[in-house]
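Q: Please take a close look at one part of this model and describe how its elements pack, with the cut-offs behind each term.

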Amino acid sequence: MEYLGTTLALFGAAIAVALSGIGSSIGVGKAGQAAAGVVSEDPDKFMKCLILQLLPATQGIYGFIVAFLVLIKVNAFGGFLLDNGALLSTAGGIGILAACLPIGIVGLFSAIHQGKVAVSSIGLIAKRPEESTKGILMCAMVETYALLGLLISILAVFIPNWV
Amino acid sequence: MSVVRMQKMSLVAHESDRSRLLKLFVKSGAVEVTRTEVIENTAYVQETERKEEYESKLLKLTFAIGFLKEMSKEYRLFDKENAPKLNFKKENRLVELDEYYETAKDEVELFAAISDMEKINSELVAIKSERARMAARIDQLLPYTDMPLRFSEIRNTEHTVMFAGLVPIEKAEALRADCAPYAETAVFGAAKQSAFVAVAYKDDAKELETALAAYDFVPCAYDYDDTASGIIAELKDRDATLELRRKEFVEQGISYKDKLTPVKVLYDYYKIEVAKADVMELCPRTGKAFVMEGWVPVDKVEPLTKDIKRKCKLTEVFFRDPADGEQPPTLLKSDPVTGAFQGITEMFGVPAYRERDPGIFVAIFYFLFFGIMISDAGYGLIMALVCFLIVKIVKPVKNSGRMLIMFGLCGISTVIWGALFGGWFSITLKEGSFLDKLSWFNPMNEPLKMFLLSLAMGVIQMATGFALKGIDEIKSKQIWSGIFNQFGWVVIFIGLALLFPTLTVFLGAINPDPVPEWIGVTGDIGMYVAIAGFAMIILGGAAGKKNPLKMVTGALGNVYGSINVVSDLLSYSRLFGLGLTTGVIGYVVNMLADLIVNTFFGGGWYGWIVAVPVLIVGHAFNLSINLLGAYVHDSRLQYIEFFGRFYEGKGHAFNPLGGKTQYTYLNN
């Protein structure tokens, strides 16, 4: 049981990276389908479509960053012993697990919805390629909330002195 | 960075001056023609016929460009080394107006070449469809490949019947067994379908037919005087010949590569001609003369008048300042540095003619924020070097290099911020080294400080936005609203700025020991200033209203509106999020390389053979994804958080005659 705290923290890392990764896969996947359709009609629009397809990918990266910070926090690369020479306590583990939830949950949903906006924006490129930047910006609006989730997760993982 | 003054041009001209006048306008690139109200005894004339002719020529030219593109693609497939490098994008040089006219003079020759291309194209299409037909026939004959009979040999004799056709392979053996008592059969194996041949006495014909039908037998419908394999060989032979002919045609097609440039020039010539025809449709005409109106930038008025006087004797032209109700188009004047960022403003919308051009502020803040978002000096160096090198080598004409210069400048900003954050390809700096001394703090170790820095940036930009709006309102005589509603926020933000040192210590972002006394003092002052500002906003909401109820709702409305401001301020935390993202991913890439060298390969030099590509690909990925992120989110901060305060961007951009070309840049 002495590893329970560490395990909980790692579980949090897993949630952060997995949920936001799922969201990004769905978002990028949907956008990719739409992009392939447009490119089949006009291969010249490939780059513009690719950029839009890539936008929902960032949530997965945010989740990855939080997971990575958790690994550093619990000293996963150095034998799990913290600075004070002890393992992470159960309470600390629950704390870190909770800190991982914002980016996990928000990442999941915002990536899916950003994917939907990206699909529409790819449709916009098909009709009016010169307006592609506006499509990109509309996608960026959805990402704001993932960024806020990331922010809270990072601050909550990093700032408190979890022991 | 400002909006260029415009003057309204009105002219009356004789039809004989028309083409000279329009040519002059195109050459000057300084006239946007607007619709003129019909005057007595005049009427608009539709230029349908002329435009149709131009459009059909444009179609032909578009075909030629597409054809050459196709040919160069096809040619590359079989002769990569000698494949010509053709530029199907906009040509990176200024084309003189005379060159367009010269090209148009030789258009007969050019269109002859295009009709040759059309012939080659139809030959190629014919070859393609014949080959498709042959491929389909080969597919159909394939199951009969092993059957040694010629198709013409499959026929009934006086006493026997003969059947040949296909049955599904899994049913073939059962069918053979079934008709073994009365028929001679043979099966020639193939993939899904087997060729099945059966011979029987006429008396048994009925029985055989029933058996065949029961096993999904499909009779063969061919009567070639040859075996299947013979026909297939023949078809393949023919196919090889066609392939050779196709190559010949492609080679013929590619030999027209020299026509690409003239075709592109001629395309734009007709594009301009169509624009001219469109413009003429806006002018009321009498048959002998016409009236035209348009906008001309002030500094172009004099040279234009001179040119018109000199070349068009039967034209009378007048200029006047725009009237109050009129909305002239917007042309932005800019210098090379801040002009690089002009694209950001234009994407949102150019300012209305009488609105302020936010360009200089956008340039400053965009530059500032970009560096924080990427936050790695190494990446910044790469960006700056690559962008400026491309600009140096390619020398983009007109405005086409603006974006590159912008990213180059942002690279410089990234170098500065990266050095402050100690980010050099995410390598952990040695303590006490030169680069370490350069750095201010590491956002990975002190995220809270980074967070506060981001918000501080937001405070500065939003305060600027409110101040600009306040100035505009005061200028337009809305003095109360300007002072209270807008400058109230500026006061609040100044208060916040004074509060910042206290806040950083209080939140533990900085831990000075001992805590200097002035921090408490500035904190107190800041708080009172912020409260005073808040009071100004409440007053501003109530000001100018007579009904006390409306005063209260107005004040409450302003208080409620402050929630928006706070959420906008928090939005600047994306600077922090994106900045940290770069650092962490870079760190992971480095760790991976370290793992490969030291753990997998035990520290041997050969580990680097694997590690170096990992480093290059990893950092390239990191740089590209963060470039995209920074570009998008930096723009967003300008559009929503900054422009939301004061800028509408509802002008329409100055669109001079001859300004829209597709494949060339007109020198004007």
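**A helix pair in chain B**

A: An automatic or database assignment divides chain B into domain 1 (1-45 + 281-333), domain 2 (46-128 + 233-271) and domain 3 (148-226), and the centres of domain 1 and domain 2 of chain B, taken over C-alpha atoms, are separated by 38 Å. The model is predicted, with local features requiring pLDDT of at least 70 and side-chain atom pairs pLDDT 80 or more, while totals for chains, interfaces and linings use all residues. Residues are numbered from 1 along each chain as its sequence is written, and chains are lettered from A and ligands numbered from 1 in the order in which they are written.

Helix 2 (residues 48-78) and helix 4 (residues 107-141) of chain B (helices being DSSP runs of H or I, at least four residues, numbered from the N terminus) have axes 10 Å apart and pack at an angle of about 55°, with axes fitted to C-alpha atoms over the stretch in contact and angles running from 0 to 180 degrees between N-to-C directions. Helix 2 and helix 4 of chain B are therefore oblique to each other, the class left after under 35 degrees (roughly parallel), over 145 (roughly antiparallel) and 65 to 115 (roughly perpendicular). The contact (C-beta atoms, placed from the backbone, within 7 Å) involves B:Lys60, B:Ala64 and B:Phe67 of helix 2 and B:Phe111, B:Ile114, B:Met117 and B:Asn121 of helix 4. Five of these contact residues are nonpolar, one is polar and one is charged, where Ala, Val, Leu, Ile, Met, Phe, Trp, Tyr, Cys and Pro count as nonpolar, Asp, Glu, Lys and Arg as charged, and the others, Gly among them, as polar.

Definitions and conventions:
Helix = DSSP H or I, 4+ residues; strand = E, 2+ residues; numbered from the N terminus. Contact = placed C-beta atoms within 7 Å.
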